[in-house]
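Please look through the sequence and the fold shown here before reading the questions and answers that follow.

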Amino acid sequence: MLTGKQKRHLRSLAHHLNPIFQVGKGGVNDHLIRHIEEAIEVRELIKVTVLNNCLEDRSEIAQQLAEGAGAELVQVIGKIIVLYKESKDNKTIELPV
């Protein structure tokens, strides 16, 4: 579980990132979650965009993605979801205590 200070730090790092995945009308599926798991292992911090044609609630999508990928939900703001998971091999982000 992330503290408020850690989430604030991750939000500042994520501000300059571009979203690398999109959730459309198909919603969340195993294929998408598998790709997010692979990307988050390499990058540690990613952004996901929820498209307008997606009928599900954004906060529910964020929860499903976080649980499916075993990641921490950092932020849901508008149509953007920010996820973080500490990498086993490529650790680059140092979290404040």
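Q: Against which strands do the buried residues of H1 pack?
A: In this predicted model, local features need pLDDT of at least 70, side-chain atom pairs count only at pLDDT 80 or more, and totals for chains, interfaces and linings use all residues. Residues are numbered from 1 along each chain as its sequence is written, and side-chain values use heavy atoms, with hydrogens and water left out. Helices (H or I, at least four residues) and strands (E, at least two) are DSSP runs numbered from the N terminus. With contact meaning heavy atoms within 4.5 Å, the buried residues of H1 pack against strand S2 (45-50), strand S3 (72-77) and strand S4 (80-84).

Q: Which residues of helix H1 are buried, and within what arc do they fall?
A: Buried means under 20% relative accessible area, exposed over 50% and partly exposed in between, with a 1.4 Å probe and protein chains only. In H1, which spans residues 4-14, the buried residues are Gln-6, Leu-10 and Ala-14. Taking the directions from the helix axis to the C-beta atoms, these residues line one face of the helix, because seen down the axis of H1 they fall within an arc of 70°.

Q: Which residue of the segment after S4 touches Leu-10, and how far apart are the two in space?
A: Leu-95 lies in the segment after S4, and at 23% relative accessibility this residue counts as partly exposed. Not counting residues up to four places away in sequence, Leu-95 touches Leu-2, Gln-6, His-9, Leu-10 and Tyr-84. Leu-95 and Leu-10 are 85 residues apart in sequence, and their C-alpha to C-alpha distance is 8.0 Å.

Q: Which residues of H2 and H3 make the contact between these helices?
A: The axes of helix H2 (residues 30-43) and helix H3 (residues 58-69) come within 9 Å and cross at roughly 60°, the axes being lines fitted to C-alpha atoms over the stretch in contact and the angles running from 0 to 180 degrees between N-to-C directions. The contact is made by Leu-32, Ile-33, Ile-36 and Glu-37 of H2 and by Gln-64, Leu-65, Gly-68 and Ala-69 of H3.

Q: Where is Glu-44, and what is its relative accessibility?
A: Glu-44 has its place in the loop between H2 and S2. Its phi is near 75°, a positive value in a residue other than glycine. Glu-44 counts as buried, because its relative accessibility is 0%.
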